[in-house]
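Student: Before we accept any label given to a residue here, could we go through the reasoning behind it, setting each value against its cut-off?

Tutor: Gladly; let us have the structure in view and take the labels one after another.

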Amino acid sequence: MPFLNRIQRWAEERPHDTAVVVEGKRLDWLTLRDAAAAAVAGSAGVTVLAEANSVDFAIRFAAGVAGERQCAVLDPAWPALLREEIHQRLRVSKQPPAVSGEDPLADGSPDSTFLIGLTSGTTSVPKAFTRSRRSWQQSFDASIEFFGLRQDDVTLAPGPLAASLNLYALAECLYAGSEFQTLEHFDVGDVHAAIAHDGVTRLVLVPTMLRLLSERGLTGCVDASGVRTIICAGSKLDARTLEAARRWAPHATIFEYYGASELSFVSGTGLPAGELPDAGGTGIGHPFPGVEVRILDDAGAPLADGAAGNICVRSPMVSNGYLWGDDGEALRSFDGWYTVGDQGYLADGELHILGRRADMILTSGKNVYPHEVELALASVPGVAAAVAAGMPDDLRGQRVVAGVLPSHGGITATQLRAGLENILSRDKRPLQYFALTELPTTDRGKVSRNMFLEWIGSQDQRARHLGH
C-alpha cells in the first residue's frame with residue numbers, strides 16, 4: 001500500500017496495457033514497474049520532486065515511496081529561494097532508512113509516512129503535513145466507490161501534478177489499474193484533442209478549467225459525448241459552468257466535492273446526465289463513505305441543524321498532522337473531530353459550504369462569505385463568473401465588492417442588483433461592482449480574491465468600475 005503492490009499486479013496481469021500518458025508519451029504497466037524498480041536504488045529517504053508533468057515524474061514518484069521512503073512534491077513555479085528553503089528543511093528532518101530487499105517496489109508498513117504534502121504558497125514557506133500509506137489506501141477505496149472509477153476508464157487530469165488534486169488522480173488510477181493522462185501544460189486545444197482522439201472518459205480538474213473547456217468546446221463543436229465522468233474540486237460549481245458542461249458533455253455525471261489536503265474527502269454529490277442543477281445553492285452533498293461530519297463551534301460544542309460553524313470530520317483518511325508550520329489553528333481537533341477552519345452547516349444531512357473563516361467579510365456586524373455571494377452572482381443571467389471580497393470601510397468595517405465576467409456584451413450594476421433580489425439577502429449584496437475582462441486566477445486555475453482587490457487598488461484595466 002498505497003499503490004506499488006497494485007502496479008506490480010497490473011504489470012503481471014496486463015503488462016502491455018497503457019498506464020500513464022503525458023503529452024503523447026506512453027508508459028505501459030510493465031515499463032512503469034521496471035523503470036520505477038530500477039530508480040529505487042538512487043532514491044533517498046526523502047525524495048523531493050519539483051518538476052513539470054512528465055512520464056519521468058510518475059516513475060520517480062513511484063520509486064520515491066518504495067519501502068519506507070517518503071516523497072515531497074513541490075510546485076516548480078515557486079521561486080527558487082522558496083524551493084531551496086523547503087529542500088533545506090527536509091534535509092534536516094529525520095529521514096527514514098532506505099529499506100531494500102529482494103523486492104525493490106515493496107510497499108512500506110500501512111501506518112508509515114509516505115507523502116509530505118505542502119500547502120500552496122508563493123512567498124512564505126508552506127506548511128508541511130504528512131500522510132500515511134493506510135490513509136491514502138482508504139481514500140482510494142472511498143473515491144473509487146463514490147466516483148465509480150473503472151479499469152476501462154481513461155482519466156485526463158490536465159493540471160500540474162504538483163497540485164494535490166492531480167497527484168491524487170495519478171495515484172488513484174495506478175491503484176485501480178486505470179489509464180491516466182495529463183499534459184505538460186494546460187492548453188484548451190490540447191485537452192480537446194485528447195478528448196476527441198484518445199478515448200478520454202473521465203476528467204479531473206478545477207472549475208475554471210471546466211468552464212473554458214466547455215464553452216470553447218461548444219463553440220468549436222468538440223465532441224465530448226464519450227466523457228462519462230467529470231470531477232471538479234477547488235470550489236463549488238457555479239450555474240453557468242454547470243450548464244455549459246452539461247451541454248458539452250451530455251452523458252457525463254458531474255461530481256463536485258468538498259475536501260482538504262489535510263482531511264482528504266469529506267462530502268460530495270454527483271449530478272447525473274439530464275438532471276437540473278441547483279442554481280446558486282451552497283450544498284455540496286453528503287459525506288463520503290467512511291466519513292462522519294459535524295458542525296461544531298469554536299469550543300467544540302455541536303451546533304443545531306442549519307447553524308453555521310466549523311466543518312469537522314471524523315475519518316480514517318485524515319492526515320497525521322504537520323511536519324512544520326503548525327500554528328495550532330490550521331488543523332484543529334475537538335476530541336477526534338478535525339477541522340481546517342472551513343465554515344458551513346448541515347441541513348437534512350447535506351453539507352453546505354460557506355467558505356474559509358479567513359475569507360469571511362465582517363460588514364456592519366454581519367458575517368458574509370464571499371463564496372455564497374459568488375454562487376448567487378453566477379446564477380444571474382449575463383454573468384459568466386464572479387468573484388467577491390471585502391474592502392476596508394470606515395462606516396461598516398468592510399464592504400462587499402464584486403467583480404463579474406460578463407457572458408456576452410456588457411452588464412450594468414442595476415441588472416446585477418435586480419438579479420440578486422430574490423436569491424441573496426440584502427445585507428450580503430455587494431455595494432460596488434466591477435466588470436472584469438478576465439478572472440483573477442492563480443497559476444493553478446483557482447480564483448484569487450486578493451488579486452481582485454489588488455486590481456481595484458491599482459485601478460487595473462482588467463477591473464472596470466460599474467457605476468450606479
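Student: Where does Ile 423 lie, and what makes Ile 423 partly exposed?

Tutor: Ile 423 sits in the loop between α11 (413-420) and β25 (432-436). Its relative accessible area is 45%, and since the partly exposed class runs between under 20% for buried and over 50% for exposed, Ile 423 is called partly exposed. Please keep in mind that this is a predicted model, and that the value is therefore computed from predicted coordinates. As for its distance from another part of the chain, the C-alpha atoms of Ile 423 and Leu 362 are separated by 20 Å, with these positions 61 residues apart along the chain.

Student: Arg 429 is found in the loop between α11 and β25; why is Arg 429 called buried?

Tutor: Arg 429 has 19% relative accessibility, and because buried means under 20%, Arg 429 counts as buried. Arg 429 and Glu 256 are 173 residues apart in sequence, and their C-alpha atoms are 26 Å apart in space.

Student: How do you know that Asp 17 and Arg 14 form a salt bridge?

Tutor: The N to O distance between their side chains is 2.9 Å, and a salt bridge requires a side-chain nitrogen of Lys or Arg within 4 Å of a carboxyl oxygen of Asp or Glu, so the pair qualifies as a salt bridge. The two partners fall into separate classes of accessibility: Asp 17, at 36%, is partly exposed, whereas Arg 14, at 17%, is buried. The structure holds 18 salt bridges.

Student: What makes the pair Glu 172 and Arg 202 a salt bridge, and which elements does the pair link?

Tutor: The side chains of Glu 172 and Arg 202 meet at 3.1 Å, N to O, which is within the 4 Å cut-off, and therefore the pair counts as a salt bridge. The pair links distant parts of the chain, with Glu 172 in helix α6 (residues 164-176) and Arg 202 in strand β9 (residues 202-205), 30 residues apart. Both Glu 172 and Arg 202 are buried.

Student: Which residue forms a salt bridge with Arg 314, and why are Arg 314 and its partner assigned to their accessibility classes?

Tutor: The partner of Arg 314 is Glu 292, and their closest N and O atoms are 3.1 Å apart. Here too distant parts of the chain are linked, Arg 314 being in strand β15 (residues 309-314) and Glu 292 in strand β14 (residues 292-296), 22 residues apart. Arg 314 has 36% relative accessibility and so counts as partly exposed, and Glu 292, with 38%, is partly exposed as well. Elsewhere, salt bridges that share partners join Arg 150, Asp 152, Asp 153 and Arg 228 into one network.

Student: Glu 179 is in strand β8 (residues 179-182); how do you know that Glu 179 has no salt bridge?

Tutor: The nearest side chain of opposite charge is that of Arg 26, 6.6 Å away, and Glu 179 is buried yet has no salt bridge. The side chain of Glu 179 does have a polar contact of 2.8 Å with the side chain of Gln 181, and because a polar contact needs N or O atoms within 3.5 Å, that distance satisfies the cut-off.

Student: Why is Asp 75 called buried, and which backbone nitrogen lies 2.8 Å from a polar atom of its side chain?

Tutor: Asp 75, placed in the loop between β4 (70-73) and α4 (80-92), has 6% relative accessibility and therefore counts as buried, the limit being under 20%. The backbone nitrogen is that of Ala 77.

Student: What makes the phi values of Ser 264 and Gln 459 worth a remark?

Tutor: Phi of Ser 264 is near 70°, a positive value in a residue other than glycine, and phi of Gln 459, near 55°, is likewise positive in a residue other than glycine. Ser 264 lies in strand β12 (residues 264-271) and, at 10% relative accessibility, counts as buried. Gln 459 lies in the loop between α12 (449-457) and β26 (463-466), and its 67% relative accessibility makes Gln 459 exposed, because exposed means over 50%.

Conventions:
Residues numbered from 1 in each chain as written. Predicted model: local features only at pLDDT ≥ 70, side-chain atom pairs only at ≥ 80, totals over all residues. Heavy atoms only, no water. Helix = DSSP H or I, 4+ residues; strand = E, 2+ residues; numbered from the N terminus. Buried < 20%, exposed > 50% of the residue type's maximum accessible area, 1.4 Å probe, protein only. Polar contact = N/O pair within 3.5 Å; in protein donor to acceptor, adjacent residues only side chain to side chain. Lys, Arg positive; Asp, Glu negative; His and termini not counted.
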